[in-house]
Each structure stands twice: as C-alpha cells, then as structure tokens.
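Subject: Model for your files

Hello,

Here is the structure I promised to pass on. My notes on it follow below.

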Amino acid sequence: MPTAPGQSKFQIDLRRHLRGQNISDNLIHLICEIAEASKYVINAVRTGDLGVAGTSNLYGEEQLALDVLSDRIMRKRLIHSGVVCNIASEEMDEIYQAQAQADGLYSVAYDPLDGSSLVDVNLAVGTIVSIYEGCDLLQPGRNQVCAMYILYGPRVSLVYTVGDGVHEFTMNNLMEFTLTRENIRMQPEGNIYAPGGLRNKYAPGVEKFIQHLEAKGCKLRYSGGFVPDINQVLMKGKGLFMYPALNGSPNGKLRVLFELNPMAFIIEHAGGSASNGQIPILDIVPESLDQRAPIYIGCKADVEQAMSFVNAG
Ligand SMILES: O=P(O)(O)OC[C@H]1O[C@](O)(COP(=O)(O)O)[C@@H](O)[C@@H]1O
Ligand SMILES: [Mg+2]
Ligand SMILES: [Mg+2]
C-alpha cells in the first residue's frame, strides 16, 4: 500500500490497510471485529483462571477455563458482527448458525486459544482464524478469503492475508494494531526446524529426515505452540514446522479446519508450502469438523525434502 508523504508505514493501522485491499466492507468489518475480540482474549490470558473447565471438546480433550472463555469472547463478537452466517470452533461440538444464509455473509472457523496448556508456564499462545465466503465451512482451504492469527507473546502481533500478500501488525501502547511488516516472503530453504509429537512414534522416513536435518546443522526450535512456532518460521523466512503421522495417530494431531488450513494459506501466500505428505493441505476436502492431518509446512525446498524422505519410508 502506498504511504502518504511524511507518513511512516509504521503508523498504518489495520482498518486502513484493509481498505487498501480489494475486499468487501463486510470482510473489513469482520477482520476488525476479530482483532477487537483478540484484545479481550489477551486480557483473559493475562489475568484469567488457569484451572480446568470440567468439560471436554469434540476431540475428547479436557477444556481449560481459558479455552471456554476465549471461545465465548470470539463467538459473541462474531455473532454481533452481523456479517457471519456459520461459526465453527475447536472448542464447540457443532456448527453454530449466527444467522441464515444471505448475500454478503461469511463463515468463520477458529481456534480461540491455541496452545492453552502453555499459559501456566508463561509461553506464547495464539488465536487462529479462517474465513470463507457464504455458509459452507467444509470446503478446501484454498477457498479461504482470509486467514489470520494473533500471537500473544512478549508482544501481541496479528498476521493476515486476504490472498494479496502476508502482513504483520503489532499492538501499540494504545492497543491498536499498526503495520510492522508488509508482503512477508519466505526464503526457498532454511536452517531451523520445529518437529511436533513424540520422536519415538515417528515413521522410519520421518526419523531419517530428522537425522538429515541434524547432520545438516539445522537448529531445533520448537516451543509447543503452533502459532509462535509458525510465526518464527514465517518471520525468519526460513525453516519448517512439522507434525507428522505418529505410530497410533495416523493423522497426527493438528486440525484441518482450525489450525492447518489458515496457517497453510498464510505460508503459501508468503511463498512457502504446506503438505500432508501426499497433497497440499489446501487441497484437502474436509469431511468433518474434527478432521486432522499430518503437516509439513515452511520453505518450499524444505517441505519437498521432507516429502522425499517421508515417502521413501
Ligand atoms: O505437545 P505436542 O504433541 O508436540 O503438540 C503441540 C501442538 O499441539 C497444540 O498445542 C494443539 O493446540 P491446542 O492447544 O489448541 O489443543 C499446538 O499448539 C502445538 O503445535
Ligand atoms: Mg489448537
Ligand atoms: Mg485450542
């Protein structure tokens, strides 16, 4: 986006930046509402109850009080935005219909607080969001019209793409998101890797790939939070995150709708790639809300190399 004379691009706020994209007013409004909701999620993360909620989500995982609260914050804001039809969340059992299908509406899938079990040890966590036009949430990730995440680390940052570049905003001391990096691009290959899951449950090809990375001198950089781990790969522009199939968990752990699709859309639009080992993540046709898949995501050459090891077995 062109910068007005005398104005630093670091003063461009999210709404102004969105107005420079070729998107509808409804989508601008929706993205800004999600950014507003994230401010309440941060507040919950900083000061909320660290205990369990006493309930479980659709994966049978125990929900923390923070998972439930973050989910309510996000859902309420989406409902009140007036531009949302269907809502799906990692913390809800089924699709919530905010309003009946009508022109100009969007549907949203989100993980309200990814990495919530890291809050009590004060590691970084985040919110991940995927937006589609219309009311269908079970469609390939390639059809997303916006993917974004908000990272709650030492600083709070928001990264989004509407298909025309990947842009980072950082929260300032007025709690506004202002542009800090525009058109972020990944390098073709890198030297850091973030491997999820238990290594003694990796298939032989994945284990050989890890040994190859170690022999090459790649640095292990895994925090256990998907948002900060992806953010590191994206911001440094180099490296790879993976959560492979595990012995006993052939689809890995991470969820296609709430975690993989939005991150794959962002990384692809920054020049990287994301695969489940066979096909691009964004080409998976989801059959259910709780679908999981293995993922290899990051610099193109690194993902290709992972594929050759994994598929050689
Ligand atoms: O501890 P593991 O098995 O490496 O899994 C870590 C992964 O699980 C997650 O914590 C799953 O997300 P939730 O916290 O939303 O369940 C990711 O953030 C992370 O990449
Ligand atoms: Mg998650
Ligand atoms: Mg979660």
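In this predicted model, helix α6 lies across β3 (84-89), β5, β6, β7 and β8, and runs at about 80° to β6. Helices here are DSSP runs of H or I with at least four residues, strands are runs of E with at least two, and both are numbered from the N terminus. Contact means that the C-beta atoms of two residues, placed from the backbone, lie within 7 Å. Angles run from 0 to 180 degrees between N-to-C directions, with axes as lines fitted to C-alpha atoms, for helices over the stretch in contact.

The strands that α6 crosses, β3, β5, β6, β7 and β8, belong to an open sheet of 8 strands in the order β4-β3-β5-β6-β7-β8-β9-β10, with mixed pairing. Two strands count as paired if DSSP finds at least two bridges between them. At the edges are β4 (96-97) and β10 (177-181), each of which pairs on one side only. Between β8 and β9 (residues 167-171) there are 4 bridges, and the two run antiparallel; F169 in β9 stands opposite L158.

Another open sheet has 5 strands, ordered β12-β11-β13-β15-β14, and its pairing is also mixed. Its edge strands are β12 (219-220) and β14 (273-275), each paired on one side only. Helix α6 (residues 256-269) packs on this sheet too, where it touches β14 and β15 (295-298) and makes about 30° with the direction of β15. Strands β11 (residues 192-195) and β13 (residues 240-243) run parallel and are joined by 3 bridges, with F241 of β13 as the bridge partner of A194.

On numbering and confidence: residues are numbered from 1 along each chain as its sequence is written, while chains are lettered from A and ligands numbered from 1 in the order in which they are written. As the model is predicted, local features need pLDDT of at least 70 and side-chain atom pairs count only at pLDDT 80 or more, whereas totals for chains, interfaces and linings use all residues.

The chain divides into domain 1 (9-181) and domain 2 (192-312), with bounds from an automatic or database domain assignment. Their centres, taken over C-alpha atoms, are 22 Å apart. The contact between them takes 33 residues from domain 1 and 28 residues from domain 2. On the domain 1 side, β5 (106-114), β6 (125-133), β7 (146-152) and β8 (156-161) each give two or more residues, and β6 gives the largest share, 5 residues. By class, that side has 20 nonpolar, 9 polar and 4 charged residues. Ala, Val, Leu, Ile, Met, Phe, Trp, Tyr, Cys and Pro count as nonpolar, Asp, Glu, Lys and Arg as charged, and the others, Gly among them, as polar.

Ligand 1 is surrounded by E90, D111, D114, G115, S116, S117, G196, G197, G224, G225, F226 and K253, a residue being near if its C-beta atom, placed from the backbone, lies within 6 Å. The shell has 1 nonpolar, 7 polar and 4 charged residues, and draws at least three residues from each of domain 1 and domain 2.

Regards
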